[in-house]
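Q: Please take a close look at the sheet. How are the strands ordered and paired, and what surrounds that part?

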Amino acid sequence: MIELVEIDDEVRAALLTLRIAPESERYVGGQIVEVMADAEKFPEAKPWSRAVYADGEAVGYVLLSWDVEPDPPDVIGPWFLWKLLIDEHHQRRGLGGEVVRAVADLVRAQGADELLTSVVAGDDGPASFYAGLGFVPTGEVDSEGEAIIAMSLH
């Protein structure tokens with residue numbers, strides 16, 4: 001069972017000890033410290049970030065654009081799963097799927113019809129992970145050329 005925890009100084013310190021598997025970095029945009037800094041650079045995207053905890057231990061990080069006014073291709077929304085990172089030692093345990101389902105439940109409760117995210121093409125990338133959760137291509141791309149995919153929340 002996962003928990004999505006607000007980030008304070010203690011939680012931030014725990015997050016900074018986590019590492020993304022080197023082969024995953026190109027799909028998520030770097031290590032957690034870099035991704036956390038991205039949220040601060042784009043306040044217009046209404047960043048909503050949480051630490052992912054499992055069994056009382058920090059295991060990952062999730063970042064969304066929270067009910068934002070879309071301005072494609074730079075700001076996707078209104079509900080956009082911007083980043084999902086799970087520590088390399090905690091991958092392949094189903095935690096990522098739990099996080100996406102928890103986020104979907106949260107935004108559905110806010111009245112969202114769909115949850116969007118983007119994926120980088122590649123055989124070893126996250127596209128099949130997201131497809132397994134019900135995401136489908138929208139036919140759109142973001143400013144980085146990543147394919148936008150959507151999960152219906154109905």
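**The sheet and its setting**

A: Read from the N terminus on, the protein runs β-α-α-α-β-β-β-α-β-α-β-β. That pattern holds five helices and seven strands. Keep in mind that the model is predicted.

Now the sheet itself. Seven strands form an open sheet, in the order β1-β2-β3-β4-β5-β7-β6. The pairing is mixed. Two strands sit at the edges: β1, residues 2–5, and β6, residues 136–141. Each of these edge strands pairs on one side only. From one strand to the next, the twist averages 35°.

Start at the β1 edge. β1 pairs with β2, which covers residues 47–54. The sense is antiparallel, and four bridges join the two strands. One contact to find in the viewer: Leu-4 has Val-52 in β2 as its bridge partner.

Next, the setting. The C-alpha atoms of the protein fill a box of roughly 35 × 35 × 30 Å along the principal axes. The radius of gyration is 14 Å; a compact globule of 154 residues would have one near 15 Å, so the two agree.

Burial comes next. Of the 154 residues, 47% are buried, with under 20% relative accessible area as the cut-off. The accessible surface of the protein is about 8200 Å². Carbon and sulfur atoms account for 49% of that surface.

Last, the contacts. Take those between residues at least 6 apart in sequence: 60% of them join residues at least 24 apart.

Notes: Residues numbered from 1 in each chain as written. Predicted model: local features only at pLDDT ≥ 70, side-chain atom pairs only at ≥ 80, totals over all residues. Heavy atoms only, no water. Pairing = 2+ DSSP bridges. Axes fitted to C-alpha atoms, helices over the stretch in contact; angles between N-to-C directions. Rg over C-alpha atoms; globule rule 2.2 N^0.38 Å. Buried < 20%, exposed > 50% of the residue type's maximum accessible area, 1.4 Å probe, protein only. Contact = heavy atoms within 4.5 Å. Areas by Shrake-Rupley, 256 points an atom, 1.4 Å probe, with all protein chains shown as cover.
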